[in-house]
Amino acid sequence: MSMNSVGRPTAPNSDAGTGAFASLTGGRGLLQDEALIFERDGWFKTGVDLPEPDLPADDLGDLVRQEAIGLPGLSEPEAMRHYVRLSQKNHAIDLALYPLGSCTMKHNPRLNEKLARLPGFADIHPLQPQSTVPGALELMDRLAHWLKTLTGMPAVALTPKAGAHGELCGILAIRAAHEARGDAARKVVLVPTSAHGTNPATAAFVGYTVREIAQTSDGRVDLADLEARLGPDVAAIMVTNPNTCGLFERDIVEIARLTHAAGAFFYCDGANFNAIVGRVRPGDLGVDAMHINLHKTFSTPHGGGGPGAGPVVLSEALAPFAPAPWLVHGPDGLALTEHETAEAGRAFGRMSAFHGQMGMFVRAYAYMRSHGADGLRQVAEDAVLNANYLKARLSDVMSPAFPDGPCMHEALFDDSWLEGTGVTTLDFAKAMIDEGFHPMTMYFPLVVHGAMLIEPTETESRQELDRFVEALRALAGAVRAGDVERFRGAPHLAPLRRLDETLAARKPRLRWRPEAVQTLAAE
Amino acid sequence: MRFTKDHEWVVVEDGVATVGITAYAAEQLGDVVFVETPDVGKTVAQGEGFAVVESVKAASDVYAPVSGEVVETNAGLGDSPETVNADPEQGGWFARVRLSDPAQVEALMDRAAYDAYLGTL
């Protein structure tokens, strides 16, 4: 019998150390240290062979380029590997819980992706004849119907490309409505102190002066302060509900009444619609305009698959000012029109070329239809239940910012439990990375000191929430045990250690400069 | 030196108020990375936003603690915003304002009152 006497060992080495280890080249467990694509393999080669152009260069006169163009010279596998490696260093909702409060990082169902890739949706062009795309127009009409029904509002503008773009659309419609009735004196937009930064930015961009509304000690709009600030100079208020503290504005109907009594409009920031979809119709609360982030409530990808979509629902008073184009039911069926009709005669203009982002419309509609009205209601219920579960399981080791009563879809903690420990909110968040969890939103909302805003969404199971809770409880225990070094140096195990955000902001390097290209071209 | 509840400080000399943000404000903001000061010659009203300070955490309005005309701004903050953290109540000043209503200064808090106010936060 012959046998291999020097076979492959199958057991770990019994004397292998477990202490700190650094690789020789900066690589890490099958991941190489990644250079910029410009620096990876040089610009001096090209990944493809192009034929010599048969155009006479003389035709270009003095426009012929004299220097090397300086593009990275990678072959297809090199370029592919570069981006896949970068993606492996990134975090994604497809990898794990992504608890960024105020962002609603929920699972993007694969069914949405399959349907968005149907050639009838994916391969159409905005300039092809409308008679060739009746299906796309019908999908837009049905999506609009769902959005109007879920919000209790009579009209929707589908063209805005994101939440902040939707805010701009809503505030422009409000300005147009004031101007149409000859009310030019209104120069102020009121915004609560806890608002998303985009709210005051939007109002200022449209030309309004922004004034803050105070907040009560339990995290809601201060009605007395609102009433004192409302007057003939106020064009609109912008309020998020649930607000950025994860709390329902329980005086919302009174807020709307006071606003309308002062002749102003009520813009609702719909970023947190996920918490109330199927349960509350903003139209019933007195809202005049609200954007809906399809990438939050209706599961389209955040920053994936092209531009986003932030449709804006409008009240009767604002509907006539909706931006072009409009989807209308005509004698030949649905049609997109730019021609002013009776019901849309006073449009303030348009928000984008063409009709909006079809890929997002398909994904959102797929999500609505696969969940149904009852399923969407459960989305809101589960999102709120999950956040309250986290709040309940963490409140004895961390300090909830608003301990009294339940929260909505996000659990907000402050840093009073870290006081005197030598550990900051930033340190704690970075230590979560070492434990395998992406940090929560930090230092927002600004009204809560050292804020930690956790939004689990309805995506997560009880088991996953428990793993997350155990990691945070273990870290909280380490804080109390005085294990400060674990936090001050965190993250210890990420591809890069703590980055110097201050230096990056004070001395930003915003572009790669091809010194090497210039040098080599001269040779 | 006088103080506001919004954490600005004022020092008056010959009818001109030097204005900045307090050590408490600088500490709360964290590392300051950018300061936008008003244009010289601009007229500001007490309580209105007249400068912006941006830190790694947030961008915040700085409110004019007094009314008047901006006569000078701290040019050094452009290249060295970190001065606001290192020396908030002296070298990190934002602007000098020629007072239009000197009585406003008297109504602001003195150091003892400001310290007592910080104790309530």
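Start by selecting A:G436, just after helix α12 of chain A: this glycine takes a positive phi of about 95°. Helices here are DSSP runs of H or I with at least four residues, strands are runs of E with at least two, and both are numbered from the N terminus. You're looking at a predicted model, where local features need pLDDT of at least 70, side-chain atom pairs count only at pLDDT 80 or more, and totals for chains, interfaces and linings use all residues. Residues are numbered from 1 along each chain as its sequence is written, while chains are lettered from A and ligands numbered from 1 in the order in which they are written.

**Step back to α12**

Now select residues 425-434 of chain A. Is this helix enclosed or open? Eight of its 10 residues are buried, so α12(A) is largely enclosed by the rest of the structure. (Buried means 20 or more other C-beta atoms within 10 Å of a residue's own; exposed means 12 or fewer, partly exposed is in between, and C-beta atoms are placed from the backbone.) Among the buried ones are A:D427, A:F428 and A:K430. To see the cover, add β12 (441-442), β13 (452-454), α13 (462-480) and α14 (484-488) of chain A, which are included in it.

**Into strand β13**

Click on A:L453, which sits in β13 of chain A. A:L453 counts as buried because it has 24 C-beta neighbours inside 10 Å. Leaving out residues up to four places away in sequence, A:L453 touches A:G101, A:S102, A:E410, A:L412, A:M440, A:T441 and A:F444. Contact here means C-beta atoms, placed from the backbone, within 7 Å. For a long view, draw a line from A:L453 to A:V133: their C-alpha atoms are 43 Å apart, with the two positions 320 residues apart along the chain.

**The big core**

Next, highlight A:A173 and A:L314. Of the 125 residues in the largest nonpolar core, these two touch the most other members. (A nonpolar core is a set of buried Ala, Val, Leu, Ile, Met, Phe, Trp, Tyr and Cys residues joined through C-beta atoms within 7 Å.) Which helix gives this core its largest share? That's α11 (residues 358-394) of chain A, with 17 residues. Beyond its neighbours within four places in sequence, A:A173 is in contact with A:A289, A:L314, A:L318, A:F321, A:A322 and A:F348.

**Along α11**

Follow α11(A) to A:G372, where the helix bends by about 100°. That bend is the angle between axes fitted to the seven residues ending there and the seven starting there. A straight helix of 37 residues would span 54 Å, but α11(A) spans only 41 Å between its end C-alpha atoms. The expected span is 1.5 Å times one less than the number of residues.

**A stop at A:F205**

Select A:F205 in helix α7 (residues 198-206) of chain A. This phenylalanine counts as partly exposed because it has 14 C-beta neighbours inside 10 Å. The C-alpha atoms of A:F205 and A:L168 are separated by 8.2 Å, although the two are 37 residues apart along the chain.

**Zoom out**

Show chain A whole: its secondary structure comes to 16 helices and 13 strands, and its C-alpha trace spans about 90 × 75 × 55 Å along its principal axes. Finally, colour by chain. The contact takes six residues from chain A and seven residues from chain B. The predictor gives the complex an ipTM of 0.77 and a pTM of 0.88.

Conventions: A nonpolar core is a set of buried Ala, Val, Leu, Ile, Met, Phe, Trp, Tyr and Cys residues joined through C-beta atoms within 7 Å. Two residues are in contact if their C-beta atoms, placed from the backbone, lie within 7 Å.
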